[in-house]
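Q: I should like to learn how to read the features of a protein model, beginning with annotated positions and ending with the packing of helices. Could we take them in turn?

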Amino acid sequence: MLSHQTKENPVFNIEQLFNNQKLTSLVWRDSSASERIDRLKKITAWIKEHQQEIRDALMSDFGKPEAETDLSEIFPVTAEINHSIKNLKKWMKPKSVSTPLPMLGTSGKIYFEPKGTSLIISPWNYPFNLTIGPLISALSAGCTAIIKPSELTPHTSKLVSNMITDLFEPNEVAVVLGEVEVSTELLKLPFDHIFFTGSPAVGKIVMKAASENLSSVTLELGGKSPVILDEDADFKDAAEKIVWGKFVNCGQTCIAPDYILVHESQRETLLSEMKVALQKMYDPDYKGIEKSPDMARIVNDKHFKRLTGIIEDALSKGAALAFGGKHSPHTRYIEPTLLTEVTDEMQVMQEEIFGPILPIQTYSTLEKAIAYVNSKPKPLALYYFGQNSENTSKTLRETSSGNAVINDCVLHFLHLGLPFGGVNTSGIGKSHGYHGFLAFSNEKGVLKQRVGLNNVTLLRPPYGIKAKQII
Ligand code: NAD
């Protein structure tokens with residue numbers, strides 16, 4: 001049995017940890033909104049006090065610029081906490097439902113009970129945000145949590161572990177550090193809910209393991225998120241938004257635009273606007289993008305080799321380099337790279353890119369662009385740029401994706417009123433705000449009958465012709 005080390009507990013048995021959390025979850029089941037809010041407030045206070053340490057950890061892990069850490073790791077977490085604090089009482093309140101005719105005299109309500117014990121497995125690409133975000137939902141719903149952060153970002157994962165040890169008892173929330181074997185061991189335990197963020201391949205492993213205990217799952221996965229640029233898009237505006245959405249975090253974003261489908265009449269306009277946008281954002285002094293303080297690096301050598309391999313594969317099969325392509329193994333820098341003349345035979349169009357490479361394809365009719373998207377697994381996000389409302393709603397109606405954004409990209413992550421997540425291969429279940437709270441809650445339907453009111457005698461024997469009167 002694997003062990004878990006904390007400051008206070010030199011050696012901790014994982015099964016024991018789980019059993020202790022199970023006992024706490026029975027007590028937390030009855031926790032009030034204000035008790036849950038107190039737990040959330042502790043996190044905000046800790047973040048405020050340790051903001052620089054969070055930035056330093058992310059910088060050490062993959063050269064993430066401080067401003068990007070503030071914007072995409074710290075802000076989404078504090079915003080999620082504030083949103084929960086503001087709404088939790090309302091979310092927790094049992095919801096009355098209307099009474100159907102045959103049930104007259106009864107009343108029905110939906111209660112939101114905490115599922116109980118939860119497991120949160122998180123990825124490396126937004127290692128603070130995507131670990132603490134689900135924890136906020138778990139705590140809002142009244143669940144305990146064991147967290148397994150990614151081994152690929154050791155500085156941030158260690159910091160998260162310190163944070164949790166500072167704020168919670170291990171029987172409430174605990175971090176277990178480690179690699180696949182630790183995850184595998186944790187997945188054998190009968191958690192009430194498993195919240196996994198990571199690749200579709202590992203998502204399948206998680207779902208299979210969860211089925212052994214029939215634990216419910218939220219799977220936040222990935223895939224190839226397309227951008228469709230219609231003829232009448234505002235190309236300057238679109239190029240700036242796509243450049244930011246694609247190259248923030250050096251392209252290592254689950255909802256980053258993965259490939260572009262642009263109307264054939266507008267490819268050159270798009271390319272020239274994207275080059276202008278890249279210059280403006282990442283190279284305003286003409287010193288080269290590599291010198292930009294705002295460009296992160298690739299997380300490790302394995303991913304660096306994978307990404308440079310994708311560029312080589314595309315170029316060797318006839319793709320054209322419209323921009324970028326430079327790279328440096330020592331610093332794991334890859335220049336933002338735009339590829340044209342790409343085909344489905346190239347790796348770049350076959351797998352989730354997850355790095356600063358953007359293939360651009362053209363289409364002749366919107367029907368063809370939609371058919372292309374529909375020939376691939378359902379994406380996590382779909383982005384449409386255009387001003388024709390008929391084409392906009394056609395695209396929304398005729399494609400399926402976890403989320404969709406019109407005339408922008410990536411931004412929906414920050415809209416806490418919207419459910420966030422994928423569909424089928426890009427994910428199962430939703431997160432953020434109320435939807436995150438729901439993921440960790442059991443919606444318990446409760447029917448209340450009045451003593452002595454016997455309005456269902458029709459349902460009981462002797463049936464005679466009574467049953468026939470009902471249908
Ligand atoms: P990953 O699937 O390799 O790893 C995620 C977590 O699972 C890590 O903690 C890892 O230790 C663990 N893990 C790895 N192999 C395992 C196994 N065999 N059994 C059990 N656990 C295992 O993903 P990653 O490389 O960290 O992240 C990148 C992927 O995550 C991309 O596909 C990206 O699109 C996706 N992602 C999705 C979202 C979202 O919100 N939908 C957000 C970020 C990343």
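The dialogue below treats annotated positions, burial, contacts and helix packing.

A: Certainly; please keep in mind that this is a predicted model.

Q: Which residues does UniProt give as "active site"?
A: The record, an unreviewed entry, places that feature at Glu220 and Cys254.

Q: Why can these positions be said to gather at one spot?
A: One compares separation in sequence with distance in space. They span 35 residues in sequence, yet no two of their C-alpha atoms are more than 9.2 Å apart, so they gather at one spot.

Q: Where in the secondary structure do Glu220 and Cys254 lie?
A: Glu220 belongs to strand S9, residues 216-220. Cys254 is found in the loop between helix H9 (235-247) and strand S11 (257-263).

Q: Is Glu220 buried or exposed?
A: The general idea is to count other C-beta atoms within 10 Å, and a residue with 20 or more is buried. Glu220 has 27 and is therefore buried. Cys254 also counts as buried, because it has 28 C-beta neighbours inside 10 Å.

Q: Which residues do Glu220 and Cys254 touch?
A: Here one sets aside residues up to four places away in sequence. Glu220 then touches Phe196, Thr197, Gly421, Gly422, Gly427 and Ser431. With the corresponding exclusion, Cys254 touches Asn125, Gly222 and Leu380.

Q: Is Asp313 buried or partly exposed?
A: Asp313, which lies in helix H11 (residues 301-316), counts as partly exposed because it has 15 C-beta neighbours inside 10 Å. Beyond its neighbours within four places in sequence, Asp313 is in contact with Met346 and Gln347.

Q: At what angle do helices H2 and H6 pack?
A: One considers both the angle and the distance between the axes. Helix H2 (residues 33-49) and helix H6 (residues 154-167) pack at about 130 degrees, and their axes are 11 Å apart. The two helices are therefore oblique to each other, and H2 passes H6 in a right-handed crossing.

Q: Which residues make this contact?
A: Helix H2 contributes Lys42, Ile43 and Trp46, while helix H6 contributes Met163, Asp166 and Leu167. By character, the residues of the contact of H2 with H6 comprise four nonpolar, no polar and two charged.

Q: What range does the UniProt domain annotation cover?
A: The unreviewed entry carries "domain: Aldehyde dehydrogenase" over residues 26-444. Across residues 26-444 the chain is 42% helix and 19% strand, and the end C-alpha atoms are 16 Å apart.

Notes: Residues numbered from 1 in each chain as written. Predicted model: local features only at pLDDT ≥ 70, side-chain atom pairs only at ≥ 80, totals over all residues. UniProt positions renumbered as here; feature names shortened; annotations may be inferred. Helix = DSSP H or I, 4+ residues; strand = E, 2+ residues; numbered from the N terminus. Buried ≥ 20, exposed ≤ 12 C-beta atoms within 10 Å, placed from the backbone. Contact = placed C-beta atoms within 7 Å. Axes fitted to C-alpha atoms, helices over the stretch in contact; angles between N-to-C directions. Parallel < 35°, antiparallel > 145°, perpendicular 65-115°, else oblique. Left-handed = near helix turned anticlockwise from the far one by under 90°. Nonpolar A, V, L, I, M, F, W, Y, C, P; charged D, E, K, R; others polar.
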